[in-house]
2 protein chains.
Amino acid sequence: MNGADSVVKTLMLSGIDVCFANPGTSEMALVAALDRTPGMHCVLGLFEGVVTGAADGYARMAEKPAATLLHCGPGLANGLANLHNAKRAKSPIVNIVGDHATYHKAFNAPLTADVEAVAQPFSNWVRTARSAPTVGNDTALTIEAANSWPGQVATLVVPADVAWTDGASVREIAPAAAPNPVPDKTIDRIISILKTGEPTALVLAGAATLEPGLRHADKVAKATSAHLLGQVFNARVSRGKHLPHITPIPYPIDKALSALAQYKHIILVGADLPVAFFAYPGQPSSLVSEDCELTVLADANENVVAALEAVANAFADTSTAPDDPQPMPTPATGDLTPDAIALSVGALLPDGAIVADESLTSGRNLFSLTRNAAPHDWLQLTGGAIGIGIPLATGAAVACPNRRVICLQADGSAMYTPQGLWTQAREKLNVTTVIYANNAYAILRQELANLGFNNPGRNASDMMDLGRPNLDWVHLANGMGVDARRVTTAEDFNNVFRASLANDGPFLIEAVIC
Amino acid sequence: MNGADSVVKTLMLSGIDVCFANPGTSEMALVAALDRTPGMHCVLGLFEGVVTGAADGYARMAEKPAATLLHCGPGLANGLANLHNAKRAKSPIVNIVGDHATYHKAFNAPLTADVEAVAQPFSNWVRTARSAPTVGNDTALTIEAANSWPGQVATLVVPADVAWTDGASVREIAPAAAPNPVPDKTIDRIISILKTGEPTALVLAGAATLEPGLRHADKVAKATSAHLLGQVFNARVSRGKHLPHITPIPYPIDKALSALAQYKHIILVGADLPVAFFAYPGQPSSLVSEDCELTVLADANENVVAALEAVANAFADTSTAPDDPQPMPTPATGDLTPDAIALSVGALLPDGAIVADESLTSGRNLFSLTRNAAPHDWLQLTGGAIGIGIPLATGAAVACPNRRVICLQADGSAMYTPQGLWTQAREKLNVTTVIYANNAYAILRQELANLGFNNPGRNASDMMDLGRPNLDWVHLANGMGVDARRVTTAEDFNNVFRASLANDGPFLIEAVIC
């Protein structure tokens, strides 16, 4: 078997049977090997940011890695921004990058680049295969690295001659290591903090925001009056009226500071230090005030769910009834505001839906207004690198073909990776994309005002305004084979959104918001 | 003045008055500074690959750098593939990348990345500004680096607090250094080779492919029977029936090897070593056979034009008549084949046109079939990183608003940076884009066959075929505010192409080729 076959067979042997791909000439032996492997589902992206973002969405929902297939340094470069988001989401990805033949690199052909150096800033782990006999082991090591708890972006560079040369072999990968246990003394310390009764927030992330973790955290919250927070953007949150609700830390610096000012204790449960998304003159970088005690229950690589359970077991079960028994939301009527869309999405979301949320400014109230919706999962822009919404939805839909995916997508950000719509059409994925069409980088208008700059002139306006001409998302979607409709009222939105859920395949709604 | 003002004032002082931009929050002080500078033309790209590719196209035609403005590590990452092409084109670019405030980096906010490490593989020169008082000097150094002959990608990282802090200053930049002279003994050696009368090719690149260099080279060729070749892909070639013609080295390895096999001497004039674009099993990496002598007249950083002139002066002027007095081409009729498009483009190209060529497989005969067209410049995909055609055309049109730009664009490659069409509409640029719609990565089909793999199955076909669904380029263009038409015959093509030249602003032709 040649090197390419050993790469593909090692993937299959480890249970990786989806490959998001945008290959080039140097990957042809790998393409031929994929072609010889009928159990492998190859999903073409027409741009590499779609490939890596889809691999992230797949991993978050499948809870296992997909493989990618990218072309040399520049092809990898096009996928880096969404690898950044995946790395921040702690998603496992087996990121395979083809390269020139080993002996060809020294000739400095036009596409030559230092692929390892390109991969390094946005990978947790990087390796270059050196020969056909060793590339099977390299692939196994890459998969093992990707599977390190809770998940890593592991990049394997495969030179063309390594792929096309015979003499390769396959080995089984080691079982994924369990997350590290949290020491008892840490758990005891957290319990004693919680027993003070002082104002306390738990910031949940990783496995803590899925159902089992949330239920343990909820028991703690009910017994101690601690609040349950999420990070500003979260990799995946299990949500719906049957589940306890977590409140993400707000994105705007002033709101974030005031949201956290009330606490004497902030306890991190798999979460990063709460910090300002960006720095602002005269504002702190850390969101935790000096008179607040910051404690870590569990790092991301520790067993956050077991730690939460151990803490919860220290408290009596104070309630079994769901909290906030609010009525199901009802769809909005009238003006098509961002909040109207939130109310309607919350009311109409089908059971088991997956929401890919890159709504940004238009979605500030989305999380709270959809908290009593039917059970669903919510995926967000973990790394702040815009252009993940459409790819994330695409990958989630590949992972969960029987669940409807709703992509809530800001228009400016959608333009970074619109090519994902074509993959949705090619794969007949059940994705409803809602474009918040405000024809602006609305977030930048706010940020410029935050700098005290309220009356932008021509140059600044030109860089924040997406008008002249307005984007036409119905045309764009149709151009990539996706049916679409423009709506301007809440009633229209409700009708078109409902219809999209009733039909198989992708659909796009251009929501002209006011 | 704050740091941002000193950056922008230093750009203006050095004659850089175009900024291709896709800014984010950390660049708001720079946006405000640009806003205070009315002479600065800010051109928004909706994706960073458009920004960097346009800066490349601008530099190739304006023969001076534009600035870019990009957002943090991931924003820079999205622009890297076209920086790769620019670096290979030796285009000067002042690549400005905002970043988190210096003190904020340690907090590892979501968008944090090692921006210098991201820039390094695709920049010739990288520097991070450390403080407001020094950023003016850093900017001047960056411009000086970009202006190093023949041109470099110079990246300046500007942390947000460096931009917003007062106490900055401006200095004038040093005049651009002249290219190094070629030593007399090198010129003498080349003259003696040429006087042998043995089969010889000059491979021209850089300034050697513009009119003065071509005329000197032509004098040499006429006097010695040496052939004039170009690289596979060339940064900019002056062309038309009034000028000597150069023949690019073919892309396919077999054709490239046989094209060069006839020579006893290959002389590089600003060109790189002729090498295979990719490695293939059993094929050499170097295109130069062992019994051919490879000699360098001038490196890219040397004065290639003066060197050619000095060589030409050693030979008598053997002819003043233009060679190949062929008739003007006439537009094609009948089937809309790639060659029909080439003939029609050659016949209809307006005087002074600029061609941005990313036609790939569809354009293999373009160069020869358009050699007798009206005077024009021809720009190509120098680095092999597809997705530069539309951005390159955009930047060239900004540089030369009074010349028509023709973008000859393969469909698969167009999908990497289609967002450039919106910038063409926003800026009302005179660009006619011709999409070669074959709904395939045709180049990959050939490359797979080159590996002896002629009957691809489902997985391989899925990765080379852009159908199911076909892309609709009229819809895509309309979605970004660009008028468009689909044509299926040569006559239709001629009519629509002619009409596009007669009207201001961008237009797209989806050429369904057979």
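**Exercise 1. Find out how strand S1 of chain A is covered, and name its parallel partners.**

Step 1. Start with the residues of strand S1 (residues 18-21) of chain A: A:Val18 and A:Phe20 lie on one side, A:Cys19 and A:Ala21 on the other, and all of them are buried. Here, buried means that 20 or more other C-beta atoms, placed from the backbone, lie within 10 Å of the residue's own; 12 or fewer would make it exposed, and anything in between partly exposed. Strands (E, at least two residues) and helices (H or I, at least four) are DSSP runs, numbered from the N terminus.

Before going on, please note that this is a predicted model, in which local features need pLDDT of at least 70 and side-chain atom pairs count only at pLDDT 80 or more, while totals for chains, interfaces and linings use all residues. Residues are numbered from 1 along each chain as its sequence is written, with chains lettered from A and ligands numbered from 1 in the order in which they are written.

Step 2. Recall a general point: in a regular strand the side chains alternate between the two faces of the sheet.

Step 3. Look for partners; two strands pair if DSSP finds at least two bridges between them. Four bridges join S1(A) to the parallel strand S2 (residues 41-44) of chain A, where A:Val43 stands opposite A:Phe20. The path from S1(A) to S2(A) passes through H2(A) in a right-handed β-α-β crossover; right-handed means that, with the strands pointing away from the viewer, the path from the first strand over the helix to the second runs clockwise.

Step 4. Add strand S3 (residues 67-71) of chain A, which pairs with S1(A) in the parallel sense over three bridges. In S3(A), A:Ala67 stands opposite A:Cys19.

**Exercise 2. Work out whether A:Ala32 is buried or exposed, and what it touches.**

Step 1. Place the residue: A:Ala32 lies in helix H2 (residues 28-35) of chain A.

Step 2. Count its surroundings. A:Ala32 is buried because 23 other C-beta atoms lie within 10 Å.

Step 3. List its contacts, a contact being two C-beta atoms, placed from the backbone, within 7 Å. Not counting residues up to four places away in sequence, A:Ala32 touches A:Ala4 as well as B:Leu448, B:Leu451, B:Phe453 and B:Ala460.

**Exercise 3. Describe how chains A and B meet and how they are related.**

Step 1. Begin with the contacts: 84 residues of chain B are in contact with 84 residues of chain A. Helix H4 (residues 72-89) of chain B gives the largest share of chain B's side, eight residues.

Step 2. Superpose the copies by least squares on the C-alpha atoms of residues with pLDDT of at least 70 in both. A rotation of 180° with 0.0 Å of shift along its axis brings chain B onto chain A (RMSD 0.0 Å). That is the relation of a two-fold axis.

Step 3. Compare the two sides. Because 100% of the interface residues of chain B are also interface residues in chain A, the copies meet through the same surface.

**Exercise 4. Trace the neighbours of strand S18 of chain B.**

Step 1. Check the cover: five of the six residues of strand S18 (residues 507-512) of chain B are buried.

Step 2. Pair the strands. Strand S16 (residues 431-437) of chain B runs parallel to S18(B), joined by six bridges, and B:Thr433 has B:Leu508 as its bridge partner. Strand S17 (residues 483-487) of chain B is also parallel to S18(B), with five bridges; there B:Val487 stands opposite B:Ala511.

Step 3. Follow the connection: S17(B), helix H20 (residues 490-502) of chain B and S18(B) form a right-handed β-α-β unit.
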